[in-house]
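Here are my notes on this model, set out as numbered points. Please read them with the structure open.

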Amino acid sequence: MMTGPGEYIPDPTEGITCVKDLPQPQIVRRRRSFKRRKCPRCGHSAVRGKTFTRTLHDWGDVASNRPRDLVITYSQHHCSPCGKYFNADLSDLAIPNSHYTKKRIESKIADLFDHRHRLVQHPLTAAERKTLQRITRGQPALRALRQIVDEVYRLFDRRCRTDTALAKLARLRQRVSRFQGLRHTLNKRFSPTLEKALTFLDDSLLPATSNAVERGNRRHRKMQKTVYRVRTGPHLSQRIAGDMLRDAQAQGRSQTTQTLHYARAG
Ligand SMILES: [Zn+2]
């Protein structure tokens, strides 16, 4: 039976509690066993000594719902001039000591990079939260980072009082200091000005601000600054009078512009 996009396909591994009952991986065999290889140190052509196998976890097969493992047979060579052993080159398949294929690790890194802003984005939709869960799988430090970010957002929640926020901040600082790797990145959390910033939460007169509105006002504010900066009192009052006059005539002016516009368009 064909399955179309959006169709729910139950995961056959759902409810399995015993590792033995999980689907067996598909084995893909690769050979990297050579009679002779050039020594990477001196270039001497060294004969094969032993062969070994190495298992790498690749992306699973979606069609059969089974994981896929790459089993590589590779040769070990002994270089007599150097007196050292070396293995056949597998660097195109995996980095040294890795249990996963290069392909799988690279796509995991690319995924994390593409969605890196999900770590700080606020708020997250259900789908974005799911993406975040996927990209941080097996990365407890990144999940902890997102939890800390969430706590910072809660700190500035207008619904809570300064006291509550300060208690939250104390807990947050304790948490951050436990993560050695994150301490340096998040050292702004330890700034003493942060406590002072939180006192705004108790101010009942302070309205919630909108970034879009402030941005709209910025142009006007900036223009006023350059206009008024170097003028004297009398100049200022003349200026204000001029502005008021302009504002009062604004409606009529736009009407005229519109009429002209229509007249010319025919
Ligand atoms: Zn050598």
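1. Helix α4 and its partners. This is a predicted model. The buried residues of α4 pack against three helices: α3 (140-155), α5 (180-183) and α6 (193-197). Those buried residues are A165, L169 and V176. They sit on the same side of α4, because they cover an arc of only 45 degrees around the axis. An α-helix has 3.6 residues a turn, so residues three or four places apart point the same way.

2. The other side of α4. Here the exposed residues are D163, A167, A170, R171, Q174 and R178. Two of them are alanines, A167 and A170.

3. Length of α4. The helix runs over residues 162-178. Its 17 residues should span 24 Å at 1.5 Å a residue, and the end C-alpha atoms are 24 Å apart, so the two values agree.

4. Helix α9. This helix covers residues 250-265, 16 in number. From first C-alpha to last it reaches 22 Å, close to the 22 Å expected at 1.5 Å a residue. How many of its residues are buried? The number is 0, so α9 lies largely in the open.

5. Strand β4 and its pairings. β4 pairs with β1 (residues 26-32) in the parallel sense, over 7 bridges. With β3 (residues 45-61) the pairing is antiparallel, over 10 bridges. With β5 (residues 84-87) the sense is again antiparallel, over 4 bridges.

6. Register. I72 in β4 is a useful place to look. R30 stands opposite I72, and R54 stands opposite I72 as well. Towards β5, Q76 stands opposite N87.

7. The two hairpins. β3 and β4 form a hairpin with 4 residues between them. In that turn, N65 has a positive phi of about 60 degrees. β4 and β5 also form a hairpin, again with 4 residues between them. There the positive phi belongs to G83, at about 70 degrees.

8. The nonpolar core. Which residues make up the largest one? There are 5: L56, L70, I72, Y74 and A94. Strand β4 (residues 66-79) gives the most, with 3 residues. In soluble globular proteins, nonpolar side chains tend to be buried together.

9. Surroundings of L56. Neighbours within four places in sequence are left aside here. L56 is then in contact with the core residues L70, I72 and A94, among others. Its further contacts are D69, L93, H99, Y100 and T101.

Note on methods: Residues numbered from 1 in each chain as written. Predicted model: local features only at pLDDT ≥ 70, side-chain atom pairs only at ≥ 80, totals over all residues. Core = buried A, V, L, I, M, F, W, Y, C linked by C-beta atoms within 7 Å. Buried ≥ 20, exposed ≤ 12 C-beta atoms within 10 Å, placed from the backbone. Contact = placed C-beta atoms within 7 Å. Expected span 1.5 Å × (residues − 1). Pairing = 2+ DSSP bridges. Arc of directions from axis to C-beta.
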